[in-house]
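Got your viewer open and your mouse ready? Load the model and follow along, one selection at a time.

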Amino acid sequence: MTDSILNINVSCFAHCKATTPAEVSLLSWLTSDKYRDKVEQIRAIQDEGLQKEIKKTLPAITPSGVFSYRDTDNLVEHSGFLAFDIDADKNPQFDDFAWVRDQVSRIVHVAYCGLSVRGQGCWGLVPIPKSTPGEHRQRFDALPHQRAQFGQGEIPE
């Protein structure tokens, strides 16, 4: 597992509003069971508002790099990854995001794809050249237009 493309450091924040980071291993973060019980609790709740409030208390990472402060201008080192989200509210044609995750995981250029915390979407990582914040934004904006280059399957909107 140490040879994984995901074996890099990224920034982690105590919760979604925190600004002071700590470095964590992306691979360890993605494979850890540390917050599994909390995530399962969130997914079991029917009230979307309550789900979102509890989700805000979970730690969060910046998978696109290491930062000295939670702000684009404070990028220390780009990770070489671009994160993407496929949200349920923008994709009502899908009702089984485990299936969507499995399909997206098969796309050759996707390094990682998992269910979102609430289980109502999925998110993942695509390797890109290490970038400046401006280059990263350009690549992010171009990703939806690059579907044909992703091999088998499409990235749902």
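What follows is a walk through two sheets, a few single residues and some aromatic rings. Keep in mind as you click that this is a predicted model.

**Stop 1: a sheet of three strands**

Start by colouring β1, β2 and β3. They make an open sheet in the order β2-β1-β3, and the pairing is antiparallel. Which strands stand at the edges here? Select 22-25 for β2 and 60-62 for β3: each of these has a single partner strand, so one side of each is left without a neighbour in the sheet. Now turn the view to see the twist, which averages 45 degrees from one strand to the next.

Next, zoom in on β1, residues 9-13. Four bridges join β1 to β2, and the two run antiparallel. For one spot to look at, click S11 in β1: its bridge partner in β2 is E23. Show the side chains too, if you like. In a regular strand, side chains alternate between the two faces of the sheet.

**Stop 2: a charge over a ring**

Now select F13 and R70 and show their side chains. What sits over the ring of F13? That's the charged end of R70, 4.8 Å from the ring centre.

**Stop 3: a lysine in a helix**

Move on to helix α2, residues 36-44, and pick out K38. Its relative accessibility is 32%, so K38 counts as partly exposed. Leaving aside residues up to four places away in sequence, K38 touches I54, T57 and L58. Want to try the distance tool? Pick the C-alpha atoms of K38 and K17: these residues are 21 apart along the chain, and the two atoms are separated by 18 Å.

**Stop 4: a serine in a loop**

Select S79, which you'll find in the loop between β5 (75-78) and β6 (81-87). Is S79 buried or exposed? Its relative accessible area is 9%, and under 20% means buried, so S79 is buried. Show its neighbours: not counting residues up to four places away in sequence, S79 touches I8, V10, P63, S64, G65 and K130. Then look along the chain to F81, where the side chain of S79 reaches the backbone nitrogen at 3.1 Å.

**Stop 5: another sheet of three strands**

From that loop, carry on into β6 and colour β7 and β8 along with it. These three strands form an open sheet in the order β6-β8-β7, with antiparallel pairing. β6 and β7 (112-115) stand at the edges with a single partner strand each, so one side of each has no neighbour in the sheet. On average, neighbouring strands of this sheet are turned by 15 degrees against each other, direction ignored.

Now select helix α4, residues 97-105. This helix packs on the sheet and touches β6, β7 and β8, and its direction makes about 180 degrees with that of β7.

Time for β8, residues 121-127. How many bridges pair β8 with β6? There are seven, in the antiparallel sense. Find D87, whose bridge partner in β8 is G121. On the β7 side, four bridges join β7 to β8, again running antiparallel. Look for L115 there, as its bridge partner in β8 is C122. Why is β8 largely enclosed by the rest of the structure? Because six of its seven residues are buried.

Before you leave this sheet, click G119. It belongs to the hairpin of β7 and β8, which has five residues between the strands, and G119 takes a positive phi near 80 degrees.

**Stop 6: aromatic rings**

Last selection: show the aromatic side chains. With rings paired when their centres lie within 6.5 Å, the count comes to four aromatic pairs. One of them is W29 with Y35: the ring centres are 6.0 Å apart and the planes are at 45 degrees, so the pair is tilted. W29, at 25% relative accessibility, counts as partly exposed, and Y35, at 30%, also counts as partly exposed.

Then go to F94 and W99. Their ring centres are 6.1 Å apart with planes at 35 degrees, so this pair is tilted as well. W99 has a relative accessible area of 45%, so W99 is partly exposed. Finally, add F97 to the selection: F94, F97 and W99 form one aromatic cluster.

Conventions
Residues numbered from 1 in each chain as written. Predicted model: local features only at pLDDT ≥ 70, side-chain atom pairs only at ≥ 80, totals over all residues. Heavy atoms only, no water. Phe/Tyr/Trp six-rings, centres within 6.5 Å; stacked < 30°, edge-to-face > 60°. Buried < 20%, exposed > 50% of the residue type's maximum accessible area, 1.4 Å probe, protein only. Lys NZ or Arg CZ within 6 Å of the ring centre and 35° of its normal. Pairing = 2+ DSSP bridges. Axes fitted to C-alpha atoms, helices over the stretch in contact; angles between N-to-C directions. Contact = heavy atoms within 4.5 Å. Polar contact = N/O pair within 3.5 Å; in protein donor to acceptor, adjacent residues only side chain to side chain.
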